[in-house]
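Morning, everyone. I'll walk through one chain today, element by element. Please have the structure open.

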Amino acid sequence: MESKKLLIITYYWPPAGGPGVQRWLKFVKYLPDFGVQPIVYIPENPTYPIVDENLVSDVSDKAVVIRKPIFEPYQLASFLSKNKTKKISSGIIPNKKKQSFLDKLFLWIRGNLFIPDARVFWVKPSVAFLEKYIVENNIDTIVTSGPPHSLHLIGLELKQKLAIKWFADFRDPWTTIGYHKSLRLSSFAAKKHKRLEHQVLNTADTIIVTSKTTKTEFQAITTKPIAVITNGYDVEPVANQVLDAKFTLAHIGSFLSERNPKILWESLVELIAEVPNFKEQVEIKLIGAVSQEVLETITQFGLNNYLNNLGYVSHEQAIVHQKKSQVLLLIEIDSEDTKSIIPGKLFEYMVSNRPIVAIGPAGSDFAEIITGTNTGQFFEYTEKERLKSVILDLYNQFLEGKLQSHGIGLQKYSRKNLTKELVNLLNTNS
């Protein structure tokens with residue numbers, strides 16, 4: 001029996017690093033196991049803010065990968081300031097009070113001249129190429145993955161031109177994502193974003209989202225079917241690690257300005273002052289891009305002596321640190337807009353056997369997952385005393401050599417099981 005062909009239109013693909021690449025890299029890895037031939041359409045010359053060459057070896061040899069050139073304004077803007085364009089393209093936006101004139105200018109240009117985003121110039125050439133490719137190769141189903149949400153505009157135009165099934169996969173929301181308000185949008189630009197979002201949500205045959213809150217938000221905009229398929233974890237070829245000798249609290253991934261958890265820094269300062277030997281044992285381990293504001297706050301709290309800032313490491317090295325750190329930190333912005341965000345690293349955290357300390361807004365979707373799987377504890381930004389008490393309890397378990405998590409029901413979040421869910425969805429709606 002011939003495999004069903006699925007055309008996947010995505011921007012992030014190895015050697016892109018960071019969380020954006022993982023979802024479809026792993027779906028593509030397992031799709032052939034369920035009788036689906038993945039055909040992946042990606043840019044030939046992208047401007048990836050993070051590169052991880054190690055991920056290239058993770059690409060399925062059964063995938064067909066097609067590349068076409070892309071023009072991105074970031075390539076021009078980087079002549080002015082390579083560092084600023086790289087940060088903005090990866091979602092690290094300076095605190096409003098500390099933005100320079102150049103920061104404000106870049107954000108205004110990004111938000112008002114390139115709608116929905118700076119990859120919008122890839123839409124027309126991609127539609128022209130893919131329209132022909134889809135017909136010649138008898139493809140009847142396509143998926144677009146965003147952000148960048150301009151890729152959904154490729155799906156929108158192809159759907160209007162061809163008799164195909166179109167699944168629009170939203171790894172993050174569109175107009176309610178945290179950084180959207182930071183883009184200095186004019187009234188015209190804000191309305192155009194809303195109009196395009198409405199068009200995509202009402203033209204795609206099925207919407208796929210990663211959280212229940214995003215599903216609820218989108219149900220107010222469209223009556224089209226919406227399926228929740230979360231991110232997940234994969235079986236990684238990383239051996240079990242010897243645990244860190246110190247009481248390490250590790251944050252892995254981008255540490256944005258708005259994620260600055262002062263209740264955590266306050267708790268640590270008080271524990272250092274109150275608990276004998278705590279200051280000799282504790283270490284704050286940061287892995288990934290960290291905003292200047294977070295580093296400045298750590299300095300202001302006098303915690304620099306306890307900081308181990310390792311910067312960006314490969315995905316494989318990140319998994320190593322997840323397995324060897326004593327406690328894993330998961331921090332989300334304290335905002336109504338971020339309740340729907342379920343960080344991709346959560347699922348890798350959950351299978352690391354290390355307890356998670358998570359801080360986020362009340363009603364966060366990821367709080368339910370952490371609690372339901374018994375993999376850690378969730379705290380709102382108002383719960384400083386409880387946070388401090390739990391860190392002390394974890395520290396005492398560390399001293400006794402008994403610190404670990406005891407996860408339950410994790411199998412449903414394996415990448416292979418999630419791919420099976422995806423294939424069932426494709427087959428049901430095809």
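One definition before we start: two strands pair if DSSP finds at least two bridges between them. Keep that in mind for strand S6, where Ile 208 has Ala 227 in S7 as its bridge partner. S6 and S7 are joined by 3 bridges and run parallel. And a caution: this is a predicted model.

Now the overall numbers. The chain holds 15 helices and 13 strands. Of its 430 residues, 56% are buried. Take the contacts with a separation of 6 or more: 76% of them come from residues 24 or more positions apart.

Next, the sheet. What is the order of its 7 strands? Reading across, the order is S3-S2-S1-S4-S5-S6-S7. The sheet is open, and the pairing is parallel. At the edges sit strand S3, residues 64-68, and strand S7, residues 226-228. Each of those two pairs on one side only. From one strand to the next, the twist averages 20°.

Let's go through some of the pairings. Strand S4, residues 141-146, is joined to strand S5, residues 165-170, by 6 bridges. These two run parallel. Within this pair, Thr 141 stands opposite Lys 165 in S5. Helix H5, residues 150-161, packs on the sheet here. H5 touches strand S1, residues 4-9, as well as S4 and S5. The direction of H5 makes about 155° with that of S4.

One strand over. S5 and S6 pair in the parallel sense, over 4 bridges. Phe 170 stands opposite Val 209 in S6. Is S6 covered on one face or on both faces? Both. In a regular strand the side chains alternate between the two faces of the sheet. In S6, residues 206-209, Thr 206 and Ile 208 are on one side. Ile 207 and Val 209 are on the other. All four are buried.

On to the pocket. I'm showing the second largest one, with about 340 Å³ of space. It is lined by 18 residues. Which lie nearest its centre? Val 228, Thr 230, Ile 369, Lys 412 and Tyr 413. By type, the lining divides into 7 nonpolar, 6 polar and 5 charged residues. Helices H13 and H15 each supply at least two lining residues. H13 gives the most, with 5.

So, H13 itself, residues 365-373. Its buried residues are Asp 365, Phe 366, Ala 367, Ile 369, Ile 370 and Thr 373. An α-helix has 3.6 residues a turn, so residues three or four places apart point the same way. What covers the buried residues of H13? The cover includes helix H7 (212-219), strand S11 (327-331), helix H12 (345-350), strand S12 (356-359) and strand S13 (376-379). Just after H13, Asn 374 takes a positive phi of about 60°.

Now the other helix at this pocket. H15 spans residues 415-428, and Leu 418 lies in it. Is Leu 418 buried or exposed? Leu 418 has a relative accessible area of 3%, and the cut-off for buried is under 20%, so Leu 418 counts as buried. Look at what it touches, beyond residues up to four places away in sequence. The list is Phe 27, Ile 229, Thr 230, Asn 231, Gly 232, Lys 412 and Tyr 413. Phe 27 is 391 residues away along the chain, yet the two C-alpha atoms are separated by 7.9 Å.

Last stop: Glu 236, in the loop between S7 and strand S8 (247-252). Leaving aside neighbours within four places in sequence, Glu 236 contacts Lys 26, His 315, Ile 319 and Glu 348. Glu 236 and Glu 348 are 112 residues apart in sequence. C-alpha to C-alpha, they are 9.4 Å apart.

His 315 and Ile 319 take us to helix H11, where both are buried. H11 covers residues 315-324 and is mostly covered, with 7 of its 10 residues buried. The other buried ones are Ala 318, Val 320, His 321, Gln 322 and Lys 323. Against what do they pack? The buried residues of H11 pack against helix H1 (22-30), S8, strand S9 (282-287), strand S10 (307-311), S11 and H12.

That's the tour. I'll take questions.

Note on methods
Residues are numbered from 1 along each chain as its sequence is written. This is a predicted model: local features need pLDDT of at least 70, side-chain atom pairs count only at pLDDT 80 or more; totals for chains, interfaces and linings use all residues. Side-chain values use heavy atoms; hydrogens and water are left out. Buried means under 20% relative accessible area, exposed over 50%, partly exposed in between (1.4 Å probe, protein chains only). Contact means heavy atoms within 4.5 Å. Axes are lines fitted to C-alpha atoms, for helices over the stretch in contact, and angles run from 0 to 180 degrees between N-to-C directions. On a 1 Å grid over the protein atoms alone, a cavity is a set of points where a 1.4 Å probe fits but cannot get out, and a pocket is an open set with protein on both sides within 12 Å along at least five of seven lines; lining residues have an atom within 4 Å of a point. Grid points are joined across faces, edges and corners, and a volume is the space filled by probe spheres set on the points. Ala, Val, Leu, Ile, Met, Phe, Trp, Tyr, Cys and Pro count as nonpolar, Asp, Glu, Lys and Arg as charged, and the others, Gly among them, as polar.
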